[in-house]
Amino acid sequence: MTKQNPTTKKLFFLLLFFLTAMKASSQQDDAKKIEKLKKKYEYVSKQSPEGTFLTAINAKTTNRVTLVFDNLKVVDINGKVIKEKELAPYKLELTMGDKNENFPHIHCFVGTNNRVGLMTTNGDIILPATYVHINDFNSKGQAITFFGTDLQVINTKGEPLLTEKYKSNSDDMNIYYGYTPDRKYKYNIINNNVICSIDEKHYGMVNVVTNKVVVPFEYDKIGDIPLIDQNDTIGYFVSKNNRVTILDFKTKKEIAPFPFEEIQTAFIFNKSVYIEGKNNSKTTRDRNYYDVKNKKMVFQNNISLDKATPLDQTFWKYEKNKIQQLYNTVKNEIVKTPEEATSIERLADNLALYTNYEKKSSFIFDLAQNKVVKQYSSVVDAYSFQLKNATTSKEYFFIKERKVPNDGSSEGTTMYDRNLKTYFTDLSLSTSYYENDRIVIKERIDGNYPLTAYDINGNVIGTAREYKIK
């Protein structure tokens, strides 16, 4: 192995340092030049690979969302005009709020006929001004174009991707915009599918890659924003004969019959989908929830409610005029309790905490025994959790009583299991915590406050400093 000369090594690092410094200095100079361009022109594009910029001035708002600039020029980083005369007939069109980050060197321009086309940052025409509107390109290089009610999808070369003639509803401005499941702001080409029509009355979906119809043209309307719940895409709202259902995002099949005249939302609970909707009449707007898995309405009885949420697979809590009650979906009946509640929380599969903030009282209700098992003369806070090991899972909860200020008593917290067995009292939640298969408790022992770790069965497994949390 040849030993490197120390002098040669030193010169190498000096050269590397010099080149790095030169590069940093050049980047700073370029940044200053670009800032100078931005002060001169109202619009300055990103720098093209060739080092040019497309610039424009005199912004005008043509409608609520579109800005139009004139006096287009292609300049270099020093401000030298490279192309101007060829661009004189054109104007630059920008939709406010849009950021064509995927293809920043493709620009929409307005021709002398007030139609739009595409050009590069260098001022080269990609697509002549032939359309009324062109959306931004998505990450796959697809953009929707409109000419009246005619709809087409093009690629970054300006080539049409749809082989048949399709239409859109020109009165529906929302057709221009939509969300994809990753929540990024894009247009409504989703998984290569575009919502369109053949007669401006019946809507379906066409795949722009295969040119196959993936949703038949049989709906009065298809919502162009997919319904998303906690990162799970459920589907699209579709309507027919003044009733609404949801089209599954993956299979493109209806997930339910048309249960409502109006759908508010849908959500996933315990891997089941529930649709919230209303059936409207002249006198009532009845709200209910459709259970997709069991193919039935959640509330079978004629119950008027403002909103509802499931506690588990059997019990739902619903609210009307700020009063909450529980509903047993198996027995199809209201859970009757001695007092009303303004809040209901699930403590365990068999226990619920009812709280009335106006009366400043709380009680624990045993759902299996159908009776109050613990009463409080104050409002309490509850924190439910589970401890799990390889074979067992157990439910526990903390109850923290809100004591009257300055009454001389502590504001301790008590830990219970689902059978209301007391495990610990006078706890401080700021220093007691649970994780995985153990709970760490700050206890008062002989005037000291050690942190002790207990397993799922309540056995001591060490102090906080003598074990590592998994």
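# A first tour in questions

Me: What share of the contacts in the protein with a separation of 6 or more comes from residues 24 or more positions apart?
Reply: Contact means that heavy atoms lie within 4.5 Å. Among contacts with a separation of 6 or more, the part from residues 24 or more positions apart is 31%.

Me: What kind of model is this, and from which number are the residues counted?
Reply: The model is predicted: local features need pLDDT of at least 70, side-chain atom pairs count only at pLDDT 80 or more, and totals for chains, interfaces and linings use all residues. Side-chain values use heavy atoms, with hydrogens and water left out, while residues are counted along each chain, as its sequence is written, from 1.

Me: How many strands are there in the protein?
Reply: Helices (H or I, at least four residues) and strands (E, at least two) are DSSP runs, numbered from the N terminus. There is one helix, and the count of strands is 42.

Me: Which strands stand at the edges of the open sheet that strands 27, 28, 29 and 30 form?
Reply: The four strands lie in the order 27-28-29-30 with antiparallel pairing, where two strands pair if DSSP finds at least two bridges between them. Each edge strand has a single partner, so one side of it is left without a neighbour in the sheet; these are strand 27 (307–310) and strand 30 (333–335).

Me: What does the twist average from one strand to the next in that open sheet?
Reply: The angle runs from 0 to 180 degrees between N-to-C directions, using axes that are lines fitted to C-alpha atoms (for helices, over the stretch in contact). From one strand to the next in the order 27-28-29-30, the average twist is 35 degrees.

Me: Which residue of strand 29 stands opposite tyrosine 318?
Reply: Strand 28 (residues 315–320) and strand 29 (residues 323–328) run antiparallel and are joined by six bridges. Across from tyrosine 318, in strand 29, is glutamine 325.

Me: Which other aromatic residues share a cluster with tyrosine 318?
Reply: Rings of Phe, Tyr and Trp (its six-membered ring) pair if their centres lie within 6.5 Å; planes under 30 degrees apart count as stacked, over 60 as edge-to-face and the rest as tilted. The structure holds 22 aromatic pairs. Joining Tyr318 in one aromatic cluster are Phe267, Tyr274, Tyr289, Phe299, Trp316 and Tyr327.

Me: Is tyrosine 274 buried or exposed?
Reply: Tyrosine 274 lies in strand 24 (residues 272–280) and, beyond neighbours within four places in sequence, has contacts that include Phe267, Tyr290 and Trp316. Buried means under 20% relative accessible area, exposed over 50%, and partly exposed in between (1.4 Å probe, protein chains only). With 4% relative accessibility, tyrosine 274 is buried.

Me: Which partner of the tyrosine 90 and phenylalanine 109 pair is buried?
Reply: Their rings form a tilted pair, 4.7 Å centre to centre with 50 degrees between the planes. Tyrosine 90 sits in the loop between strand 4 (81–83) and strand 5 (91–95), 19 residues apart from phenylalanine 109 in strand 6 (residues 106–110). Tyrosine 90 has a relative accessible area of 22%, so it is partly exposed. At 1%, the buried partner is phenylalanine 109.

Me: What angle lies between the planes of tyrosine 354 and phenylalanine 363?
Reply: Both tyrosine 354 and phenylalanine 363 are buried. They form a stacked pair, 4.9 Å centre to centre, and the angle between the planes is 10 degrees.

Me: Which residue in the turn between strand 21 and strand 22 has a positive phi?
Reply: Strand 21 (residues 232–240) and strand 22 (residues 243–248) pair in the antiparallel sense over six bridges, with phenylalanine 237 opposite isoleucine 246. The two strands form a hairpin with two residues between them, and the one with a phi of about 55 degrees is asparagine 241.

Me: Which ring lies under the charged end of lysine 252?
Reply: A charge sits over a ring if NZ of Lys or CZ of Arg is within 6 Å of the ring centre and within 35 degrees of the ring normal. For lysine 252, the ring centre is 5.5 Å away, and the ring belongs to phenylalanine 249.

Me: How many disulfides does the structure hold?
Reply: A disulfide is a pair of cysteine sulfur atoms within 2.5 Å. Cysteine 108 is buried, with a relative accessible area of 13%, and cysteine 196 is buried at 0%. The number of disulfides is zero.
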